[in-house]
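Good morning, colleagues. I should like to take you through one model today, beginning with the contact between its two chains and then turning to the DNA.

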Protein chains: 2
Amino acid sequence: MSEDTKVQGTRERLVSTAADLFGRQGLSATGIKQILAGSKAQFSSLYHHFPGGKDQLAAEAIRTAGLGYQQFVEEIWDGAGDLLAGVRSIFDGAAYVLEATDYADACPIATIALEVASTNEDLRLATAEVFESWNRAATVRFVAGGITPSVARELAVALIALLEGAFVLSRAAKSPESMLVAGKTAVAMVERALALVEPHGG
Amino acid sequence: MSEDTKVQGTRERLVSTAADLFGRQGLSATGIKQILAGSKAQFSSLYHHFPGGKDQLAAEAIRTAGLGYQQFVEEIWDGAGDLLAGVRSIFDGAAYVLEATDYADACPIATIALEVASTNEDLRLATAEVFESWNRAATVRFVAGGITPSVARELAVALIALLEGAFVLSRAAKSPESMLVAGKTAVAMVERALALVEPHGG
DNA sequence: GTCTATAGAAGGATAGAC
DNA sequence: GTCTATCCTTCTATAGAC
């Protein structure tokens, strides 16, 4: 009867519900009661699992959702034929999810990141660590594709910036245009870098 | 003794203070009392000028700050030698402002845009209109540079996506890296488009 | 570990004197 | 138009019975 025998314990449901709500409407706009209702949990459960209250829950939601999104993207990347097809799939997939969820599901941590950047140092660090983890993962893939480490890092940063910016613009406009254009741009960028690796055709 | 004889009336101070706070910590995290304190105004002033309360003030703050940032960027662009130098200056300027303000001053409406995208249709539309206005202004400049309208539109979208995404990443990391890389990427993008316009050297 | 009840502060908004 | 005081709700967090 230990906790890990449960399919999804109260603690996991709290983190998952919190991450969803934080991603869609932000940290401050999401009340603890709303999280409890969505998790079908009680006050006592929350403060039992997270003595630090909302902030501790938020820190864990950021890390869990950030890692979850990274894994989601890496699976898409692995499923694609090559580096370039992977980049294309990431942006196409993001555009698809945006439309399918009426532009509610986007980057799980961007809203929190902007909210806390100047107001909560612990949470800011949590978001920074997530983005840095994404950067490292993308850089590794570009290096594996034969691109030099410094260029690979720049490609990774640019790719993530394009993705994050397109999330903002697409959600605001309720249109996939920005995400599709961002994808086209990212693909062109990576294509150019790869062309420098193998200037000889085929 | 009409309102416009004053240097900056209560109404203007309210909008300006609100825009600043919304941009730095978000809409939900910013209380009306905090806005009043920052504006040295009273409750009655706020509800006199904005019968619709916080939402009406937010809508006006979004439009005013959005237009203000557009003018700020357009002045930078005008001050630069050419199209390409303008793009470079925008990102360098953004990186400079980020560092100078300890990563507090970034896009004035991105935080709100993400907060309200799925929760407040009026405010979502206000943010969408601002971004569309930026898009049009940038597109016009690229077209004036000889780029075809459809490519110009894509360049504008990509430029703004890079800028917005870099704001998120740079604020989270408290580092200018993302903004500088985004600028480099934007410059390369525009360079390539211009090269197709005048393939002959000089 | 789970429930109810409630404290204590902060939120948005309004009333009414001046 | 400006000031003070206040209403009502919501928020986070805790207490205490079981």
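Let me start at the interface between chain B and chain A, where four salt bridges are found. Please bear in mind throughout that this is a predicted model. One of these salt bridges joins E154(B) to K184(A), and the closest N and O atoms of that pair are 2.8 Å apart. In addition, 12 residue pairs are in polar contact across the interface of chain B and chain A, with both residues of each pair at pLDDT 80 or more.

Which elements of chain B supply the side that touches chain A? At least two residues each come from α1 (10-25), α6 (110-116), α7 (121-144), α8 (149-173) and α9 (177-197) of chain B. Among these, α8(B) provides the largest share, 15 residues. Sorted by class, the side of chain B that touches chain A comprises 22 nonpolar, nine polar and 12 charged residues.

As to the extent of the contact, chain B contributes 43 residues and chain A contributes 43 residues. Between them, the two chains bury about 3,700 Å², and carbon and sulfur atoms carry 66% of that area.

I now turn to DNA strand C. There are 13 residues around this strand, and those that come nearest are S44(A), I32(B), F43(B), Y47(B) and K54(B). Of the strand's atoms that come within 4 Å of the protein, 45% belong to sugar and phosphate.

Where do individual side chains meet the bases of DNA strand C? In chain A, an N or O atom in the side chain of S44(A) is 3.1 Å from a base nitrogen. In chain B, the side chain of K33(B) has an N or O atom 3.3 Å from a base nitrogen of the strand. K54(B), by contrast, addresses the backbone: a polar atom of its side chain lies 2.9 Å from a phosphate oxygen of DNA strand C.

The elements that give two or more residues to this surface are α3 (43-49) of chain A and, from chain B, α2 (32-39), α3 (43-49) and α4 (53-79). The most comes from α3(A), with three residues. By class, the surface near DNA strand C holds three nonpolar, seven polar and three charged residues.

To close, I would leave two items on the screen for discussion: the salt bridge between E154(B) and K184(A), and the approach of K54(B) to a phosphate oxygen of DNA strand C. Thank you for your attention.

Definitions and conventions. Residues numbered from 1 in each chain as written. Chains lettered and ligands numbered in written order. Predicted model: local features only at pLDDT ≥ 70, side-chain atom pairs only at ≥ 80, totals over all residues. Heavy atoms only, no water. Near = heavy atom within 4 Å. Polar contact = N/O pair within 3.5 Å; in protein donor to acceptor, adjacent residues only side chain to side chain. Helix = DSSP H or I, 4+ residues; strand = E, 2+ residues; numbered from the N terminus. Nonpolar A, V, L, I, M, F, W, Y, C, P; charged D, E, K, R; others polar. Contact = heavy atoms within 4.5 Å. Buried area = accessible area lost by both parts, 1.4 Å probe. Salt bridge = Lys/Arg side-chain N within 4 Å of Asp/Glu carboxyl O.
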